[in-house]
Amino acid sequence: MLLLALESTCDETAAAVISDTLEVRGAAVATQDELHRRFQGVVPEVASRAHVERILPVIDQALRQAQVTLADIGCVAVANQPGLAGSLLVGLAAAKSLCVALNVPLVAVNHVHAHLYACRLIYGPDVFPSVGLVVSGGHTSLFRCDNGRSFEWLGGTIDDAAGEAFDKVASLLQLGYPGGPLIQRLAEGGDPTAYRFPRSFANEPDRLQFSFSGLKTAVRYAIAGKNAAEVDPSVLSEQQRRDLAASFQAAVIDVLVTKSLHALKATGLKKLCIGGGVAANGVLRQRLQELAQQKRIEIYIAPPNLCTDNAVMGAIAFERLNAGLTESLELDVQAGLMRKK
Ligand code: KG4
Ligand code: ZN
């Protein structure tokens, strides 16, 4: 049986065709980076309009790659939460229409859980039970994952998400959007110890929370001083820019690693799964590999193309489908950013 999974929670329109043996037959992603670049962040109205234009071509592309037609699809899955309301609605409307036209069941996908399921898809069922860290533009959350259907929220950010901090600091440095890969590149020639930026809650093992807004402000002060109304990064030398990027990146990574270790300790688990756009960061990945060797823990990081938003991770729908859990056509979206479930 083939599943068609759709993803439109934020600014990527994606579709994938996946078999019930979890084999990915076709996958397509249309990013909207170029549309949001001049605003240095996602503009919801622009995003939902672009989803409308792209969803059908993206579905076509995934089907063509899988060398199948819609008649071969036995189930449609769609990420209906969390995300931008207008964006989610486009995917949901497309999914419902296909279910009616094809007379196949509809399955709802939680986008945040799906980010972690990317690890299950690649490394197999033994990734569970584990602590899951989802670190993306909208989310920085820790979960206890007992299996592909059980995600218990342990804690998350109380303000910005880690990816959002990358994007905002990239904007302060006038680098462009999305900021994560640009900061990573700039940081390559920088000294991560040049600036001592805050690591919120790092010394509080009982507090499974993150905060990145103070870090963002600290970077702002480092560029422009405390009283400046405007931030002009051109006052910095090239080396200072690199040092700032490297020191900022090091602060985010320190916190992500430390809090993951705290969650492992709190739960007694020995496995860690990581997904979401920020998990594509090469320095974070390197740090985690080293950690796995030093501490006796198993670390599973989604491959970079499955870290950023995609529909392949919608394979999590099989967990519900196989348990007989399908949705009615009354299914609605659950918009928002940091949901606990
Ligand atoms: O998972 P994702 O595609 O969308 C959300 O669900 O939010 O994550 C996008 C976020 C952006 O904030 C982007 O700057 C960040 O992931 N990102 C990175 C890297 N690649 C993407 N952050 C740090 N380093 C990267 N290499
Ligand atoms: Zn995401």
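Trainee: In this predicted model, are His-115 and Asp-309 buried or exposed?

Mentor: A residue counts as buried when its relative accessible area is under 20%. His-115 meets that description, and Asp-309 does too. The state asked for, for His-115 and Asp-309, is therefore buried.

Trainee: Which residues coordinate the zinc ion (ligand 2)?

Mentor: The donor residues follow the spacing H-x3-H-x193-D in sequence. Their distances to the zinc ion (ligand 2) are 2.0 to 2.1 Å, with NE2 as the donor of each histidine and OD as that of the aspartate. The residues are His-111, His-115 and Asp-309.

Trainee: How many residues apart in sequence are the parts that His-115 and Asp-309 tie together?

Mentor: His-115 belongs to helix α4, which covers residues 111-123. Asp-309 sits in the loop between α10 (304-307) and α11 (317-322). Because these two residues lie in such separate elements, the pair ties together parts whose separation in sequence is 194 residues.

Trainee: What is the geometry of the site of the zinc ion (ligand 2)?

Mentor: Four donors count as tetrahedral if all angles lie between 85 and 135 degrees. The angles among the four donor atoms here are 95 to 141°. The site is therefore classed as irregular.

Trainee: How many disulfides are found in the whole structure?

Mentor: A disulfide requires two cysteine sulfur atoms within 2.5 Å. For Cys-75 the nearest cysteine sulfur is that of Cys-99, 6.8 Å away, and for Cys-273 it is that of Cys-119, 4.4 Å away. A search of the whole structure gives a count of zero.

Trainee: What is the relative accessibility of Cys-75?

Mentor: Cys-75 is in no disulfide. Cys-75 counts as buried, and its relative accessibility is 0%.

Trainee: Which residue has a side chain joined to that of Arg-199 by a polar contact of 2.9 Å?

Mentor: Arg-199 is located in the loop between α6 (179-187) and α7 (213-224), and it counts as buried at 17% relative accessibility. Leaving aside neighbours within four places in sequence, Arg-199 is in contact with Ala-250, Ala-251, Asp-254 and Val-255. The side chain that shares the polar contact of 2.9 Å belongs to Asp-254.

Trainee: Which residues does Ala-218 touch, not counting those up to four places away in sequence?

Mentor: Ala-218 is part of helix α7. Its C-alpha atom is 35 Å from that of Met-313, a residue 95 places away in sequence. The residues that Ala-218 touches are Phe-197 and Pro-198.

Conventions. Residues are numbered from 1 along each chain as its sequence is written. Chains are lettered from A and ligands numbered from 1 in the order in which they are written. This is a predicted model: local features need pLDDT of at least 70, side-chain atom pairs count only at pLDDT 80 or more; totals for chains, interfaces and linings use all residues. Side-chain values use heavy atoms; hydrogens and water are left out. Donors are N, O and S atoms within 2.8 Å of the metal (3.2 Å for Na, K and Ca); water is not among the atoms, so sites may look incomplete. Four donors count as tetrahedral if all angles lie between 85 and 135 degrees; four count as square planar and six as octahedral if opposite donors are over 155 degrees apart and all others between 65 and 115; anything else is irregular. Helices (H or I, at least four residues) and strands (E, at least two) are DSSP runs, numbered from the N terminus. Buried means under 20% relative accessible area, exposed over 50%, partly exposed in between (1.4 Å probe, protein chains only). Contact means heavy atoms within 4.5 Å. A polar contact is a pair of N or O atoms within 3.5 Å; within protein, one must be able to donate a hydrogen and the other to accept it, and residues adjacent in sequence count only if both atoms are side-chain atoms.
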